[in-house]
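Grab a pencil and have a go at these exercises. Try each task yourself before you read the solution below it.

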Amino acid sequence: MGKFDYKALSYAIALFVALDFSVLAANYWIDDDLTQYAVSINLAGRQRMLSQRITKTLLELQQENSEEQRRIIDHELREAVLLFDSTLSGFANGGMVQGSNGEMVELHRIAYPSAAELVSEAMRIWQPVRANILPYIDSEALLPQDAIRLANRQMLTNNLRLLDLMNRLTSSEEAQSIKRTHYLRGLQTGMFVFALLTFFVIVRRLHILARNAFRLGRHFAELATRDALTGLCNRMELNHALEREFDATRRKNGGMAVLLMDLDGFKQVNDTRGHEAGDEVLRVVAARISSVMRTDDIVARLGGDEFVMICPGMSDESSARIMSERLIAAINQPIEIGNEHVHVGVSVGIAFYYEDAHSAEELVRQADQAMYAAKLAGRNRFLFFSGECPFLPEDLETVCKK
């Protein structure tokens, strides 16, 4: 299992969070931009209406009207002039202006050249009208006729030009709004795709982390069930396997054999050549037993130089005899230790499952007795357990009874 790069995962998560907030910020940015353009487009359209209203009221104020009617028109003119002037100033410099609903809204300065030129031209045309009206705008008296005549002359001359400039400003803002929206949407999409790719990187690294954790868990689980020296099942796992196979054999009314092996001559190797040589012998023997076992067989190291093989489905002596002969032949092969060879043998005791068996441990005890008898019978051989004692040659029958 390779070392997991937690730092890379941390960076990927941090980048994903940053991109997520960036996409969110882009949404607010787009929303603010669209709002600003919507306000600008709306107010540019209102400027056309105000220009018309100013022209109309200037004309009406030069006509014969009652005092009351004149004051109403005068008030309407002042409002239109103030609103037009503050909005045009907002286009040029930015700031708070009165919106279409009467509430104050923020208007950003129009800075891109094509629209800024339109605003500048509109302010130049508007300046004479402004100069004639604004000085009297806060006066309670009616606007002077001279100021009205001069302003009216300017509006009649330039009103169509102002209307054209405001129309072009509206169109320019709409085009700029579309262009800006496309740019911001592209930027937002790019950040989203990048964030998505980062998310996949995070998912991939989490998958690797989970896979490594699973492998590590399985590794530790194997350590808990495996003999550290030989890699075979340990005693704890052997007990589980014995109970499992014993119960399965009883349910199916099938067969099962237990072979218990004890090495012959191992103590001499261990004493004369040291524990390292003894450990190497045990590893080699374990590998040779594993090479002989069938697919469903289970091999465990019971402890020391004792091994146990569980053979599910094996119920006849012929099969057990063949298995035992193969085990003895394999283990009897020379074992290379350093530049020398050592030899060990093996005594095998065999016990079969029978209907009256009380437990799996009982089969192990019987196999152990048979193995002990095999050692007494001369070692490096196998014997079967039957009845109260293993089958033994007649001259060893008294030994069995002991």
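**Exercise 1: Asn 132**

Task: Find the residues that Asn 132 touches, leaving out those up to four places away in sequence, in this predicted model.

Solution: Look around Asn 132 and you'll find Ala 147, Leu 150 and Ala 151. Next, place Asn 132 itself: it sits in helix H3, which covers residues 113-133. Now for burial. The cut-off for buried is under 20% relative accessible area. Asn 132 has 18% relative accessibility, so it counts as buried.

**Exercise 2: Helix H5**

Task: Work out which residues of H5 are buried, and where they lie around the axis.

Solution: Start with the helix: H5 runs over residues 235-252 and has 18 residues. From first C-alpha to last it reaches 25 Å, close to the 26 Å expected at 1.5 Å a residue. Then pick out the buried ones: Glu 237, Leu 238, Ala 241, Leu 242, Glu 245, Phe 246, Ala 248 and Thr 249. These cover an arc of only 165° around the axis, so they lie on the same side of H5. Finally, check both ends. At the start, a side-chain oxygen of Asn 234 comes to within 3.3 Å of the backbone nitrogen of Met 236. After H5 comes Asn 253, with a positive phi near 55°.

**Exercise 3: The largest nonpolar core**

Task: Say which helix gives the most residues to the largest nonpolar core.

Solution: This core holds 38 residues, and Leu 88 is among those with the most contacts inside it. Helices H1, H2, H3 and H4 each supply at least two residues. The winner is H2, with 9 residues.

Notes
Residues are numbered from 1 along each chain as its sequence is written. This is a predicted model: local features need pLDDT of at least 70, side-chain atom pairs count only at pLDDT 80 or more; totals for chains, interfaces and linings use all residues. Side-chain values use heavy atoms; hydrogens and water are left out. Helices (H or I, at least four residues) and strands (E, at least two) are DSSP runs, numbered from the N terminus. Buried means under 20% relative accessible area, exposed over 50%, partly exposed in between (1.4 Å probe, protein chains only). Contact means heavy atoms within 4.5 Å. The expected span of a helix is 1.5 Å times one less than its number of residues. The arc is that of the directions from the helix axis to the C-beta atoms. A polar contact is a pair of N or O atoms within 3.5 Å; within protein, one must be able to donate a hydrogen and the other to accept it, and residues adjacent in sequence count only if both atoms are side-chain atoms. A nonpolar core is a set of buried Ala, Val, Leu, Ile, Met, Phe, Trp, Tyr and Cys residues joined through side-chain atoms within 4.5 Å.
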